[in-house]
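Let's take a walk through this protein together. Have the sequence and the 3D view open side by side, and follow along as we go.

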Amino acid sequence: MATILDDISRTFSEYLLIPRLTRRGQRPDLVDLSTPISAVEKNEIPRFKINVPVVSACMQSVSGPRLAIALARQGGLSFIFCSQPIETQVEMVRQVKAHKAGFVQSDSNAMASTTLREVIELMKRTGHSTVPVTADGTATGKLEGIITDKDFWEFEDDLDHTVGQHMTPIDNVIYGTEGISLREANQLLHRHKKECLPILSQDGRLTALVFKKDYEDHRRNPRELLDDSKRLCVGAAINTHDYEKRVPALVAAGADVFCFDSSDGFNEYQADGIRWIRELYGKDVTVGGGNIVSAEGFDFLVKEAGADFIKVGIGGGSICITREQKGIGRGQASALLEVVRRRDEYQSETGRYIPICSDGGLANDTQITVALAMGADFVMMGRYFAMTEESPTPKTSINGQIYKPYWGEGTRRAQNWQRYSDDMGTRDLVFEEGVDAYVPLVGPVSEVLDTTLYKLRSTMVNVGADSLAEFREQSVLTLVSEQSVVEGGTSNVFQFKANREIEDTGWGNRN
């Protein structure tokens with residue numbers, strides 16, 4: 001007969017943290033939120049770390065280039081989805097890596113013969129007010145001038161005029177030469193009171209742009225996640241069907257971290273893939289495995305295959321229906337606690353530390369904090385980022401409220417046969433493991449994440465922790481009853497808001 005476990009499958013909402021001693025001098029702004037993603041060998045430092053313990057899910061409706069750039073600027077990491085052709089995923093990774101700590105490759109370019117009407121359409125489409133003018137209209141062509149929205153009046157000038165009639169010609173353009181440092185480039189911007197500084201090669205070709213606003217952004221976001229070449233970092237999802245072609249292409253594009261994207265990663269196909277990457281690249285490539293929900297799954301992917309980190313969670317996502325469709329999965333808190341316990345035992349046995357990613361089952365900021373207290377090194381989220389300005393889906397108005405589409409990788413809309421096929425060669429999605437839905441728009445990643453991280457830091461101070469490692473060691477959690485949940489909320493009072501609605505305590509009402 002089947003083995004029946006004695007434990008109850010529990011969720012994060014069933015736990016609360018017990019406060020510990022807060023020491024003098026502890027403040028939220030002094031808490032260190034950096035965390036490893038790569039395996040940490042005994043007496044060595046991690047090969048790869050992120051500056052905040054948050055990554056975005058490998059989903060079409062979540063992790064596009066724009067979100068990846070925004071999240072890396074906040075210290076986190078996006079995993080560009082693999083349910084697309086290799087060449088398009090590679091291009092998305094390249095777009096992120098083109099952002100080099102202030103040196104940005106131009107993605108809005110014109111020729112001198114371009115009409116004002118065309119350049120206005122370009123500015124509206126991209127949101128950029130400064131457009132380099134090159135001989136061939138490309139981002140690396142010979143620079144002939146610069147045109148901005150201050151060089152013409154849209155409703156007064158003849159829109160059939162050419163860009164060449166209104167642009168600032170190259171002889172009057174302040175520019176830097178290739179090899180200039182970012183500090184020197186910013187000094188030129190400041191000295192000449194300019195908003196944009198083109199960077200040119202020795203033969204006058206455009207190589208990059210430096211913007212005043214990016215300098216200001218960096219000053220506001222000092223925790224940017226950068227590689228050794230000062231480029232923004234980005235992760236990439238891979239699958240068990242074409243990793244032998246996909247991984248080398250993504251490595252060449254500059255992807256910093258890889259993870260297998262699977263609803264159930266406890267299988268020999270994924271182990272084969274991890275071993276293949278290890279044999280080809282050794283420890284130079286960081287690769288995660290999963291998803292799993294048991295200590296047995298951890299041992300298989302770590303001890304047998306050599307994964308750098310492990311993703312935990314099956315069926316806990318807000319748009320995932322794997323549990324009801326297939327009857328597999330586990331409450332996210334129970335799954336995480338078992339895997340973390342096995343991770344800690346494995347470290348005691350070998351001296352090797354394996355970071356754990358909690359993927360799914362997070363309904364609000366409090367549950368993110370609980371997941372990290374339980375031992376997760378970082379969390380992966382989909383809905384959280386799907387609701388932001390930078391997610392790749394279009395805005396839509398429903399009954400006066402702005403929403404964004406959000407669908408799972410296991411839906412027919414995603415057509416993700418690579419993740420959900422039966423590994424027997426079929427490309428038919430026989431049944432769905434996710435739903436197609438809408439989520440409310442809550443604002444830019446920077447604002448949403450700032451709130452979440454401040455709450456996390458504040459709670460860590462309540463527990464007397466200065467780092468995530470201390471937080472895991474010092475946290476004491478208690479199970480809560482249904483009545484204690486009621487007691488913890490507001491009661492016997494009326495809350496009035498300008499729109500006469502009671503406030504939603506979840507992520508959906510941040511705006």
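The tour below goes from the nonpolar interior to the aromatic rings, then to a helix and a small group of strands.

Keep in mind that this is a predicted model. A good place to begin is the largest nonpolar core, which has 106 residues. Those with the most contacts inside this core are L77, F79, F258, F298, I310, F385 and F471. Helix α14, spanning residues 445–462, supplies the largest share of the core, with 7 residues. To get a feel for the packing, zoom in on L77: leaving aside neighbours within four places in sequence, L77 is in contact with residues including I37, F48, V54, L71, L225, C233 and V257. Another core, of 13 residues, lies apart from the largest one, and L116, L122, L159 and V163 are among its members.

Next, look at the aromatic rings. The structure holds 7 aromatic pairs. One of them joins F309 and F378 edge-to-face, with 5.7 Å centre to centre and 65° between the planes. This pair links distant parts of the chain, since F309 sits in strand β17 (residues 309–312) and F378 in strand β19 (residues 378–381), 69 residues apart. Both F309 and F378 are buried. Y384 and F385 form an edge-to-face pair as well, at 4.9 Å centre to centre and 70° between the planes, and these two residues are also buried. Returning to F309 and F378, you will find that they form one aromatic cluster with F79, a residue we met among those with the most contacts in the largest core.

Now turn to helix α6, residues 243–253. Where do its buried residues sit around the axis? The buried residues are Y243, R246, V247, L250 and A253. Seen down the axis of α6, they fall within an arc of 125°, so they line one face of the helix. An α-helix has 3.6 residues a turn, so residues three or four places apart point the same way. On the other side of α6, K245 and A252 are exposed. Just after the helix, G254 takes a positive phi of about 105°.

Finally, find the open sheet of 3 strands, ordered β8-β9-β10 with antiparallel pairing. β8 (130–134) and β10 (168–169) stand at the edges with a single partner strand each, so one side of each is left without a neighbour in the sheet. Between β8 and β9 (residues 143–148) the antiparallel pairing runs over 5 bridges, and T134 stands opposite L143 in β9. Helix α3, residues 116–126, lies across β8 and β9, running at about 70° to β9.

Notes
Residues are numbered from 1 along each chain as its sequence is written. This is a predicted model: local features need pLDDT of at least 70, side-chain atom pairs count only at pLDDT 80 or more; totals for chains, interfaces and linings use all residues. Side-chain values use heavy atoms; hydrogens and water are left out. A nonpolar core is a set of buried Ala, Val, Leu, Ile, Met, Phe, Trp, Tyr and Cys residues joined through side-chain atoms within 4.5 Å. Buried means under 20% relative accessible area, exposed over 50%, partly exposed in between (1.4 Å probe, protein chains only). Helices (H or I, at least four residues) and strands (E, at least two) are DSSP runs, numbered from the N terminus. Contact means heavy atoms within 4.5 Å. Rings of Phe, Tyr and Trp (its six-membered ring) pair if their centres lie within 6.5 Å; planes under 30 degrees apart count as stacked, over 60 as edge-to-face and the rest as tilted. The arc is that of the directions from the helix axis to the C-beta atoms. Two strands pair if DSSP finds at least two bridges between them. Axes are lines fitted to C-alpha atoms, for helices over the stretch in contact, and angles run from 0 to 180 degrees between N-to-C directions.
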